[in-house]
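Here are my notes on the model, written as numbered points. Please read them with the structure open beside you.

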Amino acid sequence: MTEHKFLKTPLTAGIVGCPFSGGQPKAGVDTGPLELVQSGLLNDIETLGWNVDFAGPESLGTSLVSDGPDPDIGKLKKPRLVSKVTKDLAERVYSHASKGQLTVTLGGDHSLAMGTVSGTFKAHPDAVLIWIDAHADINTPLTTPSGNLHGCPVSFLLGLEGAAKGDIPEFDWIDPVLKSDRLVYIGLRDIDAGERKILKDHNIKAFSMYHVDKWGIGRVVEMALDHVNKDRTRPIHLSFDVDALDPTVAPSTGTAVRGGLTFREGHYICEAIAETGLLVSLDIMEINPSLGAVASVKQTVDVGRSLIRCALGETLL
């Protein structure tokens with residue numbers, strides 16, 4: 001069994017469900033956490049030998065929505081709601097991480113990463129972020145074409161211009177905990193022009209699907225780890241948007257883009273990171289059970305469950 005360098009024994013998975021869709025316009029992604037839990041996720045985790053620390057499914061049945069007016073700030077949509085939810089989430093993630101648990105956050109849309117990464121890095125300041133996604137999610141309030149905050153979390157975590165402390169007071173709780181040399185992407189294939197410039201200007205390492213095709217997923221994961229964690233001594237936060245997978249693999253997601261990771265490529269990423277013994281936090285984001293036929297929803301939820309199992313140490317042999 002893998003030795004976990006930053007987790008306490010007995011190994012415990014702290015499950016944080018966040019029924020939230022406010023970072024993007026499509027309803028239904030807020031029901032993803034409950035679907036994952038009801039499908040048997042907790043039993044999956046316990047079968048792998050982990051203890052589970054979970055507040056219970058009752059908290060997942062009600063979507064997190066605004067209780068008052070939330071006018072746009074510039075282009076940003078629902079900024080106060082996103083800020084409040086992600087700030088609360090950061091505290092919940094930190095609560096688990098500070099106890100030496102592996103935090104597993106079930107989203108919800110990817111704006112939630114403002115909270116999950118903030119909470120993880122508060123407990124593990126030396127951590128690195130591996131972001132698996134079709135999209136870079138690094139637009140700033142100045143570059144976002146849509147104003148949907150699920151396309152912006154990384155810019156706030158880096159403290160980029162327009163998303164730095166003081167730029168938007170509602171988000172001043174976010175510290176720029178992330179450095180560009182401790183971030184790496186895998187699976188990109190739908191990047192806005194402003195994001196492309198940010199990636200180049202800040203010398204951020206990104207492996208698109210071109211690189212996966214060229215070198216194969218094994219080498220890509222190795223190069224990604226070498227870039228952010230050369231000596232394999234830093235904790236890892238893995239943030240996995242299921243739209244990184246090809247729509248034939250994970251159809252029930254809000255911003256599907258063809259030409260994505262295969263079933264095995266997605267699972268290999270989780271297996272390889274589990275093998276390092278450095279994983280301290282995992283996000284599974286953007287499963288939307290309201291999109292697609294019943295079979296498509298089941299397929300996507302099942303893939304989410306199996307990605308989590310692989311990240312927690314399930315192997316083929």
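1. Glu275 counts as exposed, because its relative accessibility is 63% and the cut-off for exposed is over 50%. Bear in mind that this is a predicted model. Glu275 belongs to helix H9. Take Val85 as a partner for comparison: 190 residues separate Glu275 and Val85 in sequence, and their C-alpha atoms are 32 Å apart in space.

2. Val85 also appears at the second largest pocket, where Leu64, Leu81, Lys84, Val85 and Asp88 lie nearest the centre. The lining of this pocket consists of 18 residues, and the space inside is about 260 Å³. Strand S1 (12–18) and helix H3 (79–97) are the elements that give two or more residues to this lining. The largest share, seven residues, comes from H3. Sorted by class, the lining of the second largest pocket has eight nonpolar, four polar and six charged residues.

3. The largest pocket holds about 320 Å³ of space. Its lining has 21 residues, and those nearest the centre are His135, Ser146, His150, Gly151 and Thr255. By class, two of the lining residues of the largest pocket are nonpolar, eleven are polar and eight are charged.

4. Helix H3 also contains His96. Is His96 buried or exposed? His96 is buried, because its relative accessible area is 11% and buried means under 20%. Leaving aside residues up to four places away in sequence, His96 touches Gly14, Ile15, Val16, Asp53, Gln101 and Thr103.

5. How many of the eleven residues of H4 are buried? Nine are, so helix H4 is largely enclosed by the rest of the structure. The buried ones are Ala113, Met114, Gly115, Thr116, Val117, Ser118, Gly119, Thr120 and Phe121. These buried residues pack against H3, S3, S4, helix H5 (153–158), S7 and S8.

6. Strand S5 (residues 183–188) is largely enclosed by the rest of the structure, because six of its six residues are buried. Strand S4 (residues 128–132) runs parallel to S5, and four bridges join the two. One pairing to look up is that of Ile132, whose bridge partner in S5 is Ile186.

7. Helix H10 (residues 294–311) allows a simple check of length. At 1.5 Å a residue, its 18 residues should span 26 Å, and the C-alpha atoms at its ends are 26 Å apart, so the two values agree. The buried residues of H10 are Val297, Thr300, Val301, Val303, Gly304, Arg305, Ser306, Leu307, Ile308, Arg309, Cys310 and Ala311. Among the elements that cover them are helix H1 (32–38), helix H2 (41–47), strand S3 (102–107), strand S7 (236–241), helix H9 (263–276) and strand S8 (279–285). Just after H10 comes Gly313, with a positive phi of about 115°.

8. Some backbone angles deserve a look. Most residues other than glycine have a negative phi, and most peptide bonds are trans. Lys78 is not a glycine, yet its phi is positive, at about 50°. Lys78 sits in the loop between strand S2 (51–54) and H3, and it counts as partly exposed because its relative accessibility is 38%. Arg232, also a residue other than glycine, has a positive phi near 55°. The loop between helix H8 (217–228) and S7 holds Arg232. Arg232 is partly exposed, because its relative accessible area is 22%.

9. Which residues are joined by a cis peptide bond with omega about 15°? They are Gly107 and Gly108. Gly108 is in the loop between S3 and helix H4 (113–123). The peptide bond from Thr9 to Pro10 is cis as well, with omega near -5°. Pro10 is placed in the segment before S1.

Methods: Residues are numbered from 1 along each chain as its sequence is written. This is a predicted model: local features need pLDDT of at least 70, side-chain atom pairs count only at pLDDT 80 or more; totals for chains, interfaces and linings use all residues. Side-chain values use heavy atoms; hydrogens and water are left out. The expected span of a helix is 1.5 Å times one less than its number of residues. Buried means under 20% relative accessible area, exposed over 50%, partly exposed in between (1.4 Å probe, protein chains only). Contact means heavy atoms within 4.5 Å. On a 1 Å grid over the protein atoms alone, a cavity is a set of points where a 1.4 Å probe fits but cannot get out, and a pocket is an open set with protein on both sides within 12 Å along at least five of seven lines; lining residues have an atom within 4 Å of a point. Grid points are joined across faces, edges and corners, and a volume is the space filled by probe spheres set on the points. Ala, Val, Leu, Ile, Met, Phe, Trp, Tyr, Cys and Pro count as nonpolar, Asp, Glu, Lys and Arg as charged, and the others, Gly among them, as polar. Two strands pair if DSSP finds at least two bridges between them.
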